[in-house]
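Trainee: I would love to go through this model with you. Could we take it one question at a time?

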Amino acid sequence: MTILDLVRAAGPLLWVLLALSVYVVYLSAARAQALSRLGADARALIERVRAVTAESGPQAALVEVDRAAHPSPAAQVLRAGLARADRGVPAAESAMHSALLHEDARLYAGLGALGTAAQVAPLLGLLGTVIGMVRSFLVFSQTTAPTPAQLATGISEALINTAGGLIVAVIAYVARGALRARADRIMVQAEQVREDLPGWLTRPAPANSPARADTPMPEVALTFGGAQ
């Protein structure tokens, strides 16, 4: 029996499972490509921006981030914080928090749909199983001694739909887990930037400032004893 014969024996519900499987594969590939682009390592950029911030201030560091045009969420959080650094550390922290929420939505987009597909696929397979078993039992109502060939149609439909639903669910679960793990690793770097940047913007004042050269020296009056 060929695959086409199996599809025909499974009934129309298997076409729904096939369409769902195509959607799962397409969404998984699209999200993997997006995470590959967003997951570019930003450690070199972060170190460079930290050094520029310490030497020349946040505005020069912002120019460095814009020049790099790095696609990672860590770079976007850096840009948001440095752009508000002139308004104080609390404003920079608020801007980085908003940027982090936006990047979180970008990183985890589509994972909810994969989770839904993983839950729906077994249910569709179970529905096909029930329909196939119903067809098999209907044979008994039509004849008192059904042949194996008459029962095989409903049983084949039940088993093929069950297998199809489980296969789609496994693919969706595995893809969702792998993509979520990748997104988590990318988000850790962005979270680290949010924690570190306020420390870069806070420059402690020197503990002991040297005396300025233009500070006037106290005058000392000298009195010499002598003739009036």
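Trainee: Is Asn161 buried or exposed?

Mentor: This is a predicted model, where local features need pLDDT of at least 70, side-chain atom pairs count only at pLDDT 80 or more, and totals for chains, interfaces and linings use all residues. Residues are numbered from 1 along each chain as its sequence is written, and side-chain values use heavy atoms, leaving out hydrogens and water. Buried means under 20% relative accessible area, exposed over 50% and partly exposed in between (1.4 Å probe, protein chains only). Asn161 has a relative accessible area of 0%, so Asn161 is buried.

Trainee: Which backbone nitrogen does the side chain of Asn161 reach?

Mentor: Asn161 sits in helix 8; helices are DSSP runs of H or I with at least four residues, numbered from the N terminus. At 3.4 Å, its side chain reaches the backbone nitrogen of Leu14.

Trainee: Why is helix 5 largely enclosed by the rest of the structure?

Mentor: Helix 5 spans residues 73-83. Its buried residues include Pro73, Val77 and Leu82. Helix 5 is largely enclosed because the buried residues number eight of the eleven.

Trainee: Which helix gives the most to the largest nonpolar core?

Mentor: A nonpolar core is a set of buried Ala, Val, Leu, Ile, Met, Phe, Trp, Tyr and Cys residues joined through side-chain atoms within 4.5 Å. The largest has 49 residues, and Leu78 is among those with the most contacts inside it. Helices 2, 3 and 4 are among those supplying at least two residues each. With 14 residues, the top contributor is helix 8.

Key:
A polar contact is a pair of N or O atoms within 3.5 Å; within protein, one must be able to donate a hydrogen and the other to accept it, and residues adjacent in sequence count only if both atoms are side-chain atoms.
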